[in-house]
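Okay, thanks for coming, everyone. I'll put the structure up and walk you through a few spots in it.

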Amino acid sequence: MARAIPTDPGVEHAVADFLARMSLEEKVGQVMQAEIGHVTPEDVRRYHLGSVLNGGGSHPGGGKRTSPAEWLALADAFYDASMDTSDGGQAIPVIWGCDAVHGHNNVVGATIFPHNIALGATRDPELIRRIGEVTAIELQVTGLDWNFAPTVAVVRDDRWGRTYEGYSEDPEVVRLCAGAMVRGLQGDPRSADFLDGHHVIATAKHFLGDGGTLGGRDRGDNTSSEERLRDIHAAGYVAALEAGVQTVMASYSSWHGRKMHGFRELLTDVLKERMGFDGFVIGDWNGHGQVPGCSDGDCPEAINAGVDMFMAPDRWRALFRHTLAEVRSGEIPSARLDDAVRRILRVKMRAGLFREGRPSSRPLAGRTDLFGSPEHRAVARQAVRESLVLLKNSGHLLPLRRDLKVLVAGDGANDIGKQCGGWTISFQGDGNTNADFPRGSSIWDGIREVVEGSGGTATLAEDGTFETRPDVAIAVFGEDPYAETSGDRDTLEFRSGRHGGLQLLRSLKAAGLPVVSVFLSGRPLCVNRELNASDAFVSAWLPGSEGRGVADVLFRAADSSVAYDFTGRLSYSWPRWPGQTPLNRGEPGYDPLFPLGFGLSVAEDGNLQRLPEEASTDAPRIATPFPIAAAGPEATIRIAAREGPR
Ligand code: GLC
């Protein structure tokens, strides 16, 4: 592959100059990344550490309500320590990586975007690029310069707890989205804004094949053929490299039983040599420790296979000692260590970190006026609108008039944390309240504002009870937040919560009300019974902090015209029964309830025949309710960037 960024002789010379002057200890320190809860600025100075990270739910000082100013202060402290040459070492700026996977989701007050499963449903690369751009700005406000995003997994079994971190089951959709997100985060590699102070280093993850493990098991084994590994699972990396991505994260998963963190043929021979990747490979969180014969504190196999920087959150001291000894003994060739350090320094130089100065001196540092700004939230609200997929609309119930008496029910109606999902302030996205999302809006907020501003009334009742009979009920329910392995499931059965799902819907229907279901989920699930109990059914995925975007589409404009139509199209196939997985277009026997690319507009006939409700995982097949051709390839990808807000 041609490299997106031509070799810069000036950079290469400067890198070589640093390498020649660095001690062995400095080189080993450069390939270590430690977690902020297990490292101090003094450690960074003493060991010349190359990077720090905050893991999901980890905040400077430990409190989840840490302000942007506190993030910035700690970034300065780590930076100053890394530039201290009092011990005769080189001044090499440390870089701080974090998971800003749907906005700067680590910090209260940030703009939280819909998760990638929703962005895949928009098929809007320009919007996705803009989301990356906004995310980079909010990261720079807090002094961070590296984002462990985008996930470019091509998800083939939706039982995986990280399905929602993927854009799609379709490699073409992933390719479209991955390149756009990388260009948004880093800037265009051919332009002057590439990796400037408004952008951050991006990471394509997790290499390779994390979305194709058996049973969707997180960190499991991918047994795809080499052709499918290349044609399906590598699609996002091709796009990310073409967009100039500077780091790639190795996967916890295996390919045919071999852990990716120890897989030289893929990390080095394929990614670096055949695909021409000249950035650096970061390991995943103690992912090296899962390589046979390795531990979290000792793993020459990983660096010899092609990992350039260890993500060693806690055991970095032991790993430093063992790695130093293994280079001295020759178990790790010094040329391999030099190559790893060269790659890290090359990325830091491309990102301008040697000239930019302290994080707090950079262009956007401390600009809290930009953090969660109305302009940024408007981008997120547009993404919510464009991601909604209409699966059922009996009698053209939607869009609703604004002057109705509306009952809003369900445990997702007024819960911004639930609508954000995992990787939100806490690692699992749990333990949050609406107060943790200042200036955000729940789906209830949006509905109330629309209706009460137009002569209607809105009532919130999670349990769906009412005194004054409403004209329509909107039930918001779905999955509770989860992240990674805790999200793995055995089937695609939806288990509704206390006031979310079937019991609620059936009680509303029994009261003779038209029912609109708004379903919050990180994946398609078997919801035949909920579909039968609904007159209209919207898949809202995990929309993030701007719940108002849902009401924008559910309701007509003030003049009763269609304000925003449903334009979201499934980027994952929807199952007929809980056991119908893996379920991917192009595979033998493909027979989904709703195919990849499906999504109704309000003008289309949205009547849906009654679906089987047997609880078994092997429910009988039924005739396809919609012709698959209705959502053929032309619905899969919409390349043209849309003009303006929709
Ligand atoms: C996690 C994830 C990875 C994330 C890293 C740092 O385990 O696998 O996606 O970037 O650790 O939080």
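So let's start with the ligand: how far is an oxygen atom of the ligand from an N or O atom in the side chain of histidine 206? Before I answer, remember that this is a predicted model. The distance comes out at 2.7 Å for histidine 206. Right next door in sequence numbering, lysine 205 has a side-chain N or O atom 2.8 Å from a ligand oxygen. Then there's tyrosine 252, where a polar side-chain atom sits 3.2 Å from an oxygen of the ligand. If you zoom out a bit, 14 residues surround the ligand, and the closest are Asp99, Arg162, Lys205, His206 and Asp284.

Okay, now over to serine 254, which is part of strand 8, residues 254-255. Is serine 254 buried or exposed? It counts as buried, because its relative accessibility is 7%. And who's touching it? Skipping the neighbours within four places in sequence, serine 254 makes contact with Gly220, Asp221, Asn222, Lys259 and Met260.

Moving along the chain, have a look at helix 10, residues 264-274. Buried residues in that helix include Leu266, Leu267, Val270 and Leu271, and you'll find Thr268 and Lys272 buried there too. Keep in mind that residues three or four places apart on an α-helix point the same way, because there are 3.6 residues a turn. Just after helix 10 comes glycine 276, with a positive phi of about 75°.

Next, a helix pair. Helix 6, residues 125-141, packs against helix 15, residues 374-387, at an angle of about 145°, and the axes are 10 Å apart. The crossing is left-handed. On the helix 6 side, the contact uses Leu127, Arg130, Ile131, Val134, Ile137 and Glu138. Helix 15 brings in Glu375, His376, Val379, Gln382, Ala383 and Glu386. Sort the residues of that contact and you get six nonpolar, two polar and four charged.

Last stop, helix 17, residues 443-452. How many of its 10 residues are buried? Seven, so to speak of it as mostly covered is fair. Those are Ile443, Trp444, Asp445, Gly446, Ile447, Val450 and Val451. As for what covers them, the list includes strands 13 (405-409), 14 (457-460), 15 (472-478) and 16 (515-520), plus helix 16 (416-420) and helix 20 (548-554).

That's the tour. Shout if you'd like to go back to any of those spots.

Terms used. Residues numbered from 1 in each chain as written. Predicted model: local features only at pLDDT ≥ 70, side-chain atom pairs only at ≥ 80, totals over all residues. Heavy atoms only, no water. Axes fitted to C-alpha atoms, helices over the stretch in contact; angles between N-to-C directions. Helix = DSSP H or I, 4+ residues; strand = E, 2+ residues; numbered from the N terminus. Left-handed = near helix turned anticlockwise from the far one by under 90°. Contact = heavy atoms within 4.5 Å. Nonpolar A, V, L, I, M, F, W, Y, C, P; charged D, E, K, R; others polar. Buried < 20%, exposed > 50% of the residue type's maximum accessible area, 1.4 Å probe, protein only. Near = heavy atom within 4 Å. Polar contact = N/O pair within 3.5 Å; in protein donor to acceptor, adjacent residues only side chain to side chain.
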